[in-house]
Amino acid sequence: MIINHPLLGPRDAAEFVYLGDAALIDRPDWQAEDAMQQFHDYAYLRDNPAGPHRELWYHEQGDRSWLVVTRDTTTHEITDVQMARDVARSRGRDK
């Protein structure tokens with residue numbers, strides 16, 4: 001599988017480590033009234049879709065960047081790759 005890194009171009013997926021659902025970018029507010037429930041859901045509840053899914057990938061054997069990869073879980077076709085920092089910033093996250 002080839003991941004088209006936004007900065008480095010096409011790279012073999014063997015250079016990367018898969019973390020999981022890209023929803024992990026949306027870390028709950030620890031000061032919220034229901035923070036315990038939010039963190040439970042954040043840590044333990046995951047979707048397991050058949051089809052397009054946004055995932056976090058870490059470029060371990062490269063520039064050590066985090067990417068949000070949109071991949072079809074049934075065909076492994078990659079339709080979009082973005083820098084995770086850009087995705088986080090677009091959602092109002094500082095990190």
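In this predicted model, the side chains of R85 and D86 meet in a salt bridge, with 3.7 Å from N to O. R85 is partly exposed, at a relative accessible area of 41%, and D86 is likewise partly exposed, with a relative accessible area of 41%. A search of the whole structure finds four salt bridges, and three of these pairs, including R85 and D86, are set out below with their distances.

| Salt bridge | Distance, N to O |
|---|---|
| R85 and D86 | 3.7 Å |
| R11 and E15 | 3.1 Å |
| R91 and D26 | 2.6 Å |

The pair of R91 and D26 joins two parts of the chain: R91 lies in the segment after helix α2, while D26 lies in the loop between β3 and α1 (35-44), so the salt bridge ties together parts that are 65 residues apart in sequence. R91 is partly exposed, with a relative accessible area of 39%, and D26, at 32% relative accessibility, also counts as partly exposed.

In the pair of R11 and E15, R11 is partly exposed, having a relative accessible area of 28%, whereas E15 is buried, having a relative accessible area of 16%. The position of R11 can be followed into the strand pairing, since R11 in β2 is the bridge partner of I3. The two strands concerned, β1 (residues 2-5) and β2 (residues 9-12), pair in the antiparallel sense over four bridges, and a hairpin of three residues joins β1 to β2.

Both R11 and E15 are also among the residues touched by H59, whose contacts, leaving aside residues up to four places away in sequence, are H5, L8, R11, E15, F16, R64 and S65. H59 is found in the loop between β4 and β5. Is H59 buried or exposed? With a relative accessible area of 0%, H59 is buried, because buried means under 20%. The side chain of H59 also makes a polar contact, at 2.9 Å, with the side chain of D63.

The strands on either side of that loop belong to an open sheet of four strands, which has the order β3-β4-β5-β6 and antiparallel pairing. Its edge strands are β3 (17-21) and β6 (78-83), each of which pairs on one side only. From one strand to the next, the twist averages 30 degrees. Strands of a sheet pair through backbone hydrogen bonds, in either a parallel or an antiparallel manner.

Within this sheet, strand β4 (residues 52-58) and strand β5 (residues 66-72) run antiparallel and are joined by seven bridges, with E55 standing opposite V69 in β5. Strands β5 and β6 also pair in the antiparallel sense, over five bridges, and here the bridge partner of R71 is I78 in β6. The hairpin of β5 and β6 has five residues between the strands, and in this hairpin H76 takes a positive phi near 70 degrees.

On the edge strand β3 one finds V17, which counts as partly exposed at 35% relative accessibility. Apart from residues up to four places away in sequence, V17 touches L56, W57, Y58 and E60. By contrast with these contacts, V17 and S90, which are 73 residues apart in sequence, stand 24 Å apart in space from C-alpha to C-alpha.

One of the residues that V17 touches, L56, is also a member of the largest nonpolar core, which has nine residues: A22, L24, I25, Y42, L56, V68, A84, V87 and A88. Which element gives the most to this core? Helix α2 (residues 84-90) does, with three residues. V68, another member of the core, touches A22, I25, R54, E55, L56, D80, V81, Q82, A84 and V87, again not counting residues up to four places away in sequence. A second, separate core has eight residues, and among them are A13, F16, W57 and M83. Two of these residues appear in the contacts described earlier, as F16 is touched by H59 and W57 by V17.

Conventions: Residues numbered from 1 in each chain as written. Predicted model: local features only at pLDDT ≥ 70, side-chain atom pairs only at ≥ 80, totals over all residues. Heavy atoms only, no water. Pairing = 2+ DSSP bridges. Axes fitted to C-alpha atoms, helices over the stretch in contact; angles between N-to-C directions. Core = buried A, V, L, I, M, F, W, Y, C linked by side-chain atoms within 4.5 Å. Buried < 20%, exposed > 50% of the residue type's maximum accessible area, 1.4 Å probe, protein only. Contact = heavy atoms within 4.5 Å. Polar contact = N/O pair within 3.5 Å; in protein donor to acceptor, adjacent residues only side chain to side chain.
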